[in-house]
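Hi,

Here is the structure I promised to pass on. Have a look at it first, and my notes on what turned up are underneath.

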Amino acid sequence: MTLAAHELTVNLGTTRVLNGVSIAIAPGEMVAIIGPNGSGKSTLLRAMAGLIKPATGDTTLDGKSLREYSKRALAHRRALLTQAADLPQLTTVREHVAMGRHAHTSPLATLIRGANQADHNTALDAAMDRCGVAHLAHRRMEALSGGERQRVRLATTLAQRPDILLLDEPLTGLDIEHQLSLLGLLGDLNAAQGTTIACVIHDLGLALRHFPRVVAVHQGRIAADGPGERVLDAETLENVFGVEGAACFDLPGHPVVVCRSQPARGPRAPSSSPAAAL
Amino acid sequence: MSVVAAPHHAPTAPTRSTRRLLTPAAITFILVLGLALSLALGAVRIPIAELWPILTGDGEGSAERIVLHARLPRALVALLAGANLAVAGVLLQGVTRNPLADPGIIGVTAGAGMAATIVLAAFPQAAHALPLAAFLGAMASAIFVYAVSWTPGGSGSGGTSPVRMVLAGVAVNAILGAVIGVLITAYADRIPAIMFWTAGSFNGRGWSHFWQILPYSALGLTLAFLIRSRVRILELGDDSASTMGIPVERTRVLAFAAAALLAGSAASVAGLVGFVGLVVPHIVRLAMGSNRLIVPISAFAGGALLLWADLAARTVLAPSELPVGVVTGLVGGPYFVFLLYKSGWLR
């Protein structure tokens, strides 16, 4: 169940977005992917999901290239919660979550409602229960709040019953209560079902608190990788984010990352060379 | 956050499920009634009671000839054309993620229109080839729009995007519209024939037209029914759909091809009937309050709409005929405005 990128290089147009990235995520791990805007976090996640054909390098699952899996087989193994939340029109919560069952539904199921129906319903109910949206089942997606919608979208990915869950900035636009509840949900999934989780996240304090492993991406490379308290040190904060700061462990169990911008240097020009940053 | 286990309550559920049963039943009733009236009404009125013997082969005389050789095939052609256009609209609105999409947006309408205009203007003696020419024009135009909207793509495999599809369609429509304008100006004496075809009509349509549209309807409608759930998942966005196991580009090609076949074959036998492809899917959604079973229900509703529109077109100003597209716009348009106003949907 190990998902691994080997020397991934990805170009979008003429821009090199990933530059020889290697990373392995073991079964049951919970990984936060951090980095400034445009550093290549989302691209790394999409490449790990098999959505991007890399210029060089490869992504493997259990040692086998993602290209050797069928789309359907891959959908049974990993799910992706995307950043863009396109809403299909006139869809109830239950119908939305049911879309996640596509890879588990036989092609003929549209014609024959048969033996799989019970299994299908069980999977839907389980996914909705876990995300706490079962009571919204018959509501329309348009009528939900942003926080509720995000939980439904998560339930849709869980309906795929993936071993590996990839999330691209799932906390964007959520208030602090919903952020914490979503992170708690991810922690539960990881603890209860052993779901592997890789999550792009901007809040460094939340990354430190909720993810045992933190990967910092900077200018298309991995700048630091390891336990949060080691990765989120003054050096990484300066090199990767261009801010002065430190992780602070004053409240036991609730570490925070405190940062301020560097007034002497101002925001760094995006063209600063990788060599200087590393 | 603790999740409160709220009691299972869905205040709108009962009314919604009633609507979901009543709407298809009402549409089917309207369709059957329209079919019966289409066979009965016209220059010669045939009592509805006599229709059954005629249809089962026990009829005789002129009534039988009128029903079996003129009114029945004409009604069936209208039914199929309406079903085709409505389902093409469902597919295209899904695949382009654009509620304004209709068969016109992928160039099918303009392609058929230009081919027909060329025949009617420059080769009026070849009028019997009109359906074939219109169909070929529609297909050529659709293929061109698809080709233009395709990009090789730097990362990942190449493909189209909904926005590129819509914009390519707009461009092709503009070009073909201009060409039609030039042709009409050059062959001003042919304007009445061109205008009548452009507004759509089932005048004189018979069994040959029925057999011509039937295979495309069967193929297109079956395909639409099979890929509908996939097209729906595409609405979540390409990345989400792809990770859920949907072959995104293949689904788009299939939906595009099915829509082109459906709308192209409809245009070839009916001329350019606007409005049906755009509005019937919305009418069905508004009436049902959901997207469930939208392909079969839209097919029935589109068929019923064109059946009634054709009935009105040939009876209201009898003995002269209105273009059927005029009737769909006059009757369907205000109804759609009413539905929009009442529902507050798409705010």
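**What I found**

Let me start at the end of one helix: right after α10(B) comes G271(B), which has a positive phi, near 80°. Keep in mind throughout that this is a predicted model.

The helix before that glycine is worth a look too. Helix α10 of chain B covers residues 248-270, and at 1.5 Å a residue its 23 residues should span 33 Å; the C-alpha atoms at its ends are 32 Å apart, which agrees. Is α10(B) enclosed by the rest of the structure or not? Largely enclosed, because 17 of its 23 residues are buried.

**Chain B as a whole**

Chain B is built from 13 helices and zero strands. Its radius of gyration is 21 Å, close to the 20 Å that the globule rule gives for 347 residues, so chain B is as compact as a globular protein of that length. Along the principal axes, its C-alpha trace spans about 75 × 50 × 35 Å. Of the 347 residues, 48% count as buried. If you take the contacts in chain B between residues at least 6 apart in sequence, 76% of them join residues at least 24 apart.

On confidence, chain B averages a pLDDT of 84, and 92% of the residues score at least 70. The stretch to be wary of is residues 1-13 of chain B, where the pLDDT is below 50; that stretch has nine contacts in the model beyond near neighbours in sequence.

**Chain A**

Chain A mixes its secondary structure, with 10 helices and 12 strands. Its radius of gyration comes to 20 Å, close to the 19 Å from the globule rule for 278 residues, so chain A is as compact as a globular protein of that length. The box around its C-alpha atoms is roughly 65 × 40 × 35 Å along the principal axes. Of its 278 residues, 44% count as buried. Residues 24 or more positions apart make up 64% of the contacts in chain A with a separation of 6 or more.

One residue I looked at there is V17(A), which sits in strand β2 (residues 15-25) of chain A. Why does V17(A) count as buried? Because 24 other C-beta atoms lie within 10 Å, and 20 are enough to qualify. Setting aside neighbours within four places in sequence, V17(A) is in contact with V10(A), N11(A), L12(A), G40(A), T43(A) and G220(A). S42(A) is 25 residues away from V17(A) along the chain, and their C-alpha atoms are separated by 9.9 Å.

**The core and the contact between chains**

Nonpolar side chains tend to be buried together in soluble globular proteins. Here, the largest nonpolar core has 182 residues, and the members touching the most others are I33(A), A81(B), V87(B), L91(B) and A259(B). Helix α3 (residues 61-95) of chain B gives the most to this core, with 18 residues. Not counting residues up to four places away in sequence, L91(B) touches A224(B), V231(B), A255(B), A258(B) and A259(B).

As for where the chains meet, the contact takes 33 residues from chain A and 30 from chain B. On the chain B side, the elements giving two or more residues are α8 (207-234) and α9 (238-243). That side has 12 nonpolar, 14 polar and four charged residues. For the complex, the predictor gives an ipTM of 0.87 and a pTM of 0.85.

Cheers

How values were computed
Residues numbered from 1 in each chain as written. Chains lettered and ligands numbered in written order. Contact = placed C-beta atoms within 7 Å. Helix = DSSP H or I, 4+ residues; strand = E, 2+ residues; numbered from the N terminus. Nonpolar A, V, L, I, M, F, W, Y, C, P; charged D, E, K, R; others polar. pLDDT = per-residue confidence, 0-100. Expected span 1.5 Å × (residues − 1). Buried ≥ 20, exposed ≤ 12 C-beta atoms within 10 Å, placed from the backbone. Rg over C-alpha atoms; globule rule 2.2 N^0.38 Å. Core = buried A, V, L, I, M, F, W, Y, C linked by C-beta atoms within 7 Å.
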